[in-house]
Amino acid sequence: MLLENRRRMETLFSVAFICCSAFTAGVQGDSLTILQAPGYVSFQKGDWPISGEKIPDMVALTMGFSVQEDLSWPGLRAGQLFQRPRANVLVVVRGVDSLALPQNVASYPLENPVPFTLDSVAETVHSLFAEDTPVVLQLAPSEERLYMLGKANAVFEDLPVTLQQIRSRLSQDGSVLASLPLNSLNRNAEADLLFLSEVQVLHDITALLQRHRHLAQDHSPDLYSLELSGLEELGRRYGQDSPQYRDATAILANVLQKFGEDVFGLYGDSAVVEVVTVKSFEAPLTRKSRSILESKQISNPGSPYNLAYKYNFNYAVIFNIVLWLMIILALAVIVISYNLWNMDPGYDSIIYRMTNQKIRLD
């Protein structure tokens, strides 16, 4: 009897352990990891989930920009008003739900992993700091998608964009192939080359930033958005239990950790570096092939459509200056007119007073 009860208890413990393990595995999923952040950008540690469609708003708030809808997410607190980071770097890694990034500020689960872009944030940076020519770089090597704005056109003009350019870059001096432990990865395989080319792009971005350190000294914020899908291709090609996938995951985690530290140091510890890991997006991303350098012709005096003039962000400042100056001048005219109307020329005016005395003397 005791032996049967013991066996039943062991069976129950085994079932409970399996259920807990399955529950824990189910909890682990896509994540948002804050690799680097200055002290005045306050990220709170916790398990607060954030939706994928809210990440652009989160990036905008960290850079001090306003958003259309309030972000009701406790992971980010309001920071200092007059101190904002000089750069924001967002890296999206597809094909893996989490990476071993131990040196991070905070990590949050990602729910509703829908595709998103930072086009709205890039256009805000372009409209607010058009004269300062900030750096805006959006890059997806696997899709050969590149958007550059401002000083990025001059700084990253030598950055390899197409897969053919990146693969030729891997055979040149200073390639990452000489320093990475490839292990099971094959530099001649198609999927392996895609992954290694993305690692090479990260290395080249930090190298170009080190060459142009003056970018971190201007007053305009910089924006970087990178999308990496090499792990996703490796998972399709070899499987997620393959040694190629495991070695690539370890390599990418180390490279991203060093990439975040380098960018954070280049901007004088005034940059926010985020890493989004997503197994797969829930819906395909559809976007127009356009350049954010295009300027929309909103104001056209000769247009037959009677369009309004383009909005200027200095309008509120100029409006307040003109409004309060008119109010002050109007009040001044009213006060002066009232005093002149109730003035006694014989006592209040020195002209009439001296004239009256001269008449009496005569």
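# Notebook: contacts in a predicted model

**Entry 1: Tyr 40**

I started with Tyr 40, which sits in the loop between β1 (31-36) and β2 (50-51). A reminder to myself before going on: this is a predicted model.

Is Tyr 40 buried or exposed? I found a relative accessibility of 14%. Tyr 40 counts as buried because the limit for that class is under 20%.

Next I looked up what Tyr 40 touches, leaving out residues up to four places away in sequence. The list holds Gly 79, Gln 80, Gln 83, Arg 84, Pro 85 and Ser 270. Two of these names got a closer look. Gln 80 is 40 residues from Tyr 40 along the chain, yet their C-alpha atoms are separated by 6.2 Å. With Ser 270, the side chain of Tyr 40 makes a polar contact of 2.6 Å.

**Entry 2: aromatic pairs**

I then turned to the rings. How many aromatic pairs does a search of the whole structure find? The search gives three.

I took Trp 73 and Tyr 108 to begin with. Their ring centres are 4.7 Å apart and their planes stand at 75°, so I wrote the pair down as edge-to-face. Trp 73 is in the loop between α2 (55-62) and β3, while Tyr 108 is in strand β4 (residues 106-111). The two are 35 residues apart, and the pair links distant parts of the chain. I checked both residues for burial, and both Trp 73 and Tyr 108 are buried.

Then I went to Tyr 224 and Tyr 267. Here the ring centres lie 6.5 Å apart with the planes at 70°, so this pair is edge-to-face too. Tyr 224 belongs to strand β7 (residues 222-228), and Tyr 267 to the loop between α8 (243-266) and β8 (271-278), so the pair ties together parts that are 43 residues apart in sequence. Tyr 224 and Tyr 267 are both buried.

Which residues do ring pairs link into a cluster? I noted Phe 156, Tyr 224 and Tyr 267.

**Entry 3: salt bridges**

I asked for salt bridges across the whole structure, and the search returned seven. I followed up some of them.

Glu 232 came up with Arg 94: their closest N and O atoms are 3.0 Å apart. Why does this pair tie together separate parts of the chain? Glu 232 lies in helix α7 (residues 230-238) and Arg 94 in strand β3 (residues 87-94), so the parts that are joined stand 138 residues apart in sequence. Both Glu 232 and Arg 94 are buried.

Glu 232 has a second partner in my notes, Arg 236, with a salt bridge of 3.2 Å from N to O. Both residues are in helix α7, four residues apart, which is about one turn of the helix. Their surroundings contrast: Glu 232 is buried at a relative accessible area of 12%, whereas Arg 236 counts as exposed at 57%. I also traced the shared partners, and salt bridges join Arg 94, Glu 227, Glu 232, Glu 233 and Arg 236 into one network.

Another salt bridge I looked up runs between Arg 169 and Asp 204, with the closest N and O atoms 3.2 Å apart. Arg 169 is in helix α5 (residues 163-170) and Asp 204 in helix α6 (residues 190-211). This pair links distant parts of the chain, 35 residues apart. Both residues are buried.

**Entry 4: Ser 175**

Arg 169 led me on to Ser 175, since the two touch. Where is Ser 175 found? I located Ser 175 in the loop between α5 and α6. Ser 175 is buried, with a relative accessible area of 10%.

The side chain of Ser 175 reaches the backbone oxygen of Leu 170 at 2.8 Å. Apart from residues up to four places away in sequence, Ser 175 touches Arg 169, Leu 170 and Gln 200.

**Entry 5: Asp 218**

My last stop was Asp 218, placed in the loop between α6 and β7. I read a relative accessibility of 17% for Asp 218, which counts as buried. What joins the side chains of Asp 218 and Ser 220? I found a polar contact of 3.4 Å.

Notes:
Residues numbered from 1 in each chain as written. Predicted model: local features only at pLDDT ≥ 70, side-chain atom pairs only at ≥ 80, totals over all residues. Heavy atoms only, no water. Salt bridge = Lys/Arg side-chain N within 4 Å of Asp/Glu carboxyl O. Buried < 20%, exposed > 50% of the residue type's maximum accessible area, 1.4 Å probe, protein only. Polar contact = N/O pair within 3.5 Å; in protein donor to acceptor, adjacent residues only side chain to side chain. Contact = heavy atoms within 4.5 Å. Phe/Tyr/Trp six-rings, centres within 6.5 Å; stacked < 30°, edge-to-face > 60°.
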